[in-house]
Amino acid sequence: MKLVEAIIKPFKMDEVKDALNEIGIEGITVSEVKGFGRQKGHTELYRGAEYVVDFIPKIKMEIAVPDELVNKVVETIENTAKTGRIGDGKIFIIPLEEAVRIRTGEKGTDAI
Amino acid sequence: MKLVEAIIKPFKMDEVKDALNEIGIEGITVSEVKGFGRQKGHTELYRGAEYVVDFIPKIKMEIAVPDELVNKVVETIENTAKTGRIGDGKIFIIPLEEAVRIRTGEKGTDAI
Amino acid sequence: MKLVEAIIKPFKMDEVKDALNEIGIEGITVSEVKGFGRQKGHTELYRGAEYVVDFIPKIKMEIAVPDELVNKVVETIENTAKTGRIGDGKIFIIPLEEAVRIRTGEKGTDAI
Ligand SMILES: Nc1ncnc2c1ncn2[C@@H]1O[C@H](COP(=O)(O)OP(=O)(O)OP(=O)(O)O)[C@@H](O)[C@H]1O
Ligand SMILES: Nc1ncnc2c1ncn2[C@@H]1O[C@H](COP(=O)(O)OP(=O)(O)OP(=O)(O)O)[C@@H](O)[C@H]1O
Ligand SMILES: Nc1ncnc2c1ncn2[C@@H]1O[C@H](COP(=O)(O)OP(=O)(O)OP(=O)(O)O)[C@@H](O)[C@H]1O
Ligand SMILES: [Mg+2]
Ligand SMILES: [Mg+2]
Ligand SMILES: [Mg+2]
């Protein structure tokens with residue numbers, strides 16, 4: 001299992017969530033974060049204003065997935081979160097050793 | 001070492017925290033997240049209202065623990081966070097390669 | 001690659017961020033968390049008040065870094081976040097299997 005963590009633009013959240021649902025992903029944990037990325041001489045637009053150096057609001061999604069779904073999940077996030085502009089975000093893949101569904105005690109891929 | 005991440009119902013936070021303290025866990029990091037889980041035809045109750053599809057407030061707890069405490073920590077969270085109803089939450093176990101206590105520079109299990 | 005997670009005192013955030021920039025780190029994700037640590041008979045000061053048992057506001061920084069930068073990043077955080085007093089925080093190092101820059105599709109160390 002893997003924990004897929006995606007940092008995306010806030011206005012893309014619903015679109016990404018819906019696309020993940022469509023490929024069968026039912027569990028997602030979302031938090032509001034502030035992001036700091038490369039600017040490389042460019043500036044990132046946020047709500048019509050230019051941000052040069054400071055933190056920009058982003059959405060972090062965490063999705064625990066079985067190994068065989070990782071590629072599909074990553075592609076789905078890439079395709080839906082991408083605008084082609086600076087600041088589209090990152091996807092990180094972290095090993096996940098165990099998962100437990102608290103209500104039932106199920107473990108492993110049955111639990112996610 | 002492992003990083004235990006638990007997504008639980010907000011009203012269970014104090015009970016889980018107290019139970020973890022009782023088994024000797026002193027360090028916990030908590031954040032407010034929004035959760036999206038399976039509904040499977042069911043709806044999840046939140047503050048007396050039925051939520052069918054949308055994000056529900058959850059609490060995320062992160063606890064860095066030595067290997068020999070992982071099972072005890074997971075069981076403690078399961079036992080205290082469980083209500084038996086839809087939405088009780090998940091526990092994820094992630095490998096933790098190193099830990100540092102910033103004040104002292106201690107590393108490894110001495111640092112957690 | 002590793003995911004470096006640091007829990008620090010909020011007033012140290014800018015200093016840590018600037019120090020990380022100076023060693024070439026351009027991407028950081030920040031969130032507001034509540035922390036619970038050891039008290040060991042001591043109390044931790046927050047805004048001039050003593051906190052004996054309860055949650056204290058902390059800042060969580062997440063930084064994806066190539067293996068060869070991990071030590072430098074950890075030392076930089078230690079040096080800048082340290083006050084020498086109770087509650088200075090923790091650094092956790094988690095394995096990171098893959099990273100993707102959503103705008104370009106770049107992967108691995110090119111993506112972070
Ligand atoms: N190395 C990193 N570690 C942790 N978080 C990162 C890292 N790089 C980027 N992020 C997070 O992802 C968000 C979006 O990053 P961003 O898309 O701007 O990456 P980038 O490398 O600057 O690419 P681009 O050139 O397309 O802007 C950042 O605001 C930050 O929250
Ligand atoms: N695969 C997953 N990845 C990331 N977060 C998840 C995942 N599954 C669940 N979560 C998080 O855990 C929270 C609680 O999940 P929940 O307890 O509803 O799981 P479930 O599988 O739907 O079980 P149940 O049938 O008992 O409701 C969700 O709101 C979400 O924040
Ligand atoms: N084992 C742990 N797992 C997860 N988070 C932790 C852990 N230990 C500490 N933290 C987080 O780090 C924050 C700061 O911890 P703190 O610096 O107080 O650690 P400590 O071990 O009590 O060291 P000190 O004796 O210097 O206070 C806590 O408020 C909590 O958010
Ligand atoms: Mg950028
Ligand atoms: Mg559910
Ligand atoms: Mg402490």
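In this report, Ala, Val, Leu, Ile, Met, Phe, Trp, Tyr, Cys and Pro count as nonpolar, Asp, Glu, Lys and Arg as charged, and the others, Gly among them, as polar. By that sorting, the shell around ligand 2 has eight nonpolar, six polar and seven charged residues.

A word on the ground rules. This is a predicted model, where local features need pLDDT of at least 70 and side-chain atom pairs need 80 or more, while totals for chains, interfaces and linings use all residues. Residues are numbered from 1 along each chain as written, chains are lettered from A and ligands numbered from 1 in written order, and side-chain values use heavy atoms, leaving out hydrogens and water.

So where does ligand 2 sit? Ligand 2 lies between chains A and B. Around it are 21 residues (a heavy atom within 4 Å of the ligand), and A:T29, A:R103, B:R38, B:G87 and B:G89 are the closest.

Here are some polar contacts, meaning pairs of N or O atoms within 3.5 Å:

| Ligand 2 atom | Partner | Distance |
|---|---|---|
| oxygen | polar backbone atom of A:I28 | 3.5 Å |
| nitrogen | polar backbone atom of A:A64 | 2.8 Å |
| oxygen | side-chain N or O atom of A:R101 | 2.8 Å |

On its own, ligand 2 has 610 Å² of accessible area (Shrake-Rupley method, 1.4 Å probe), and the protein covers 98% of that.

Now for the chains. Superposed by least squares on C-alpha atoms with pLDDT of at least 70 in both copies, chain C lands on chain A after a rotation of 120° with 0.0 Å of shift along the axis (RMSD 0.0 Å). That is how a three-fold axis relates copies. In chain C, the residue closest to this axis is C:P95, with its C-alpha at 4.1 Å.

Key. A polar contact is a pair of N or O atoms within 3.5 Å; within protein, one must be able to donate a hydrogen and the other to accept it, and residues adjacent in sequence count only if both atoms are side-chain atoms.
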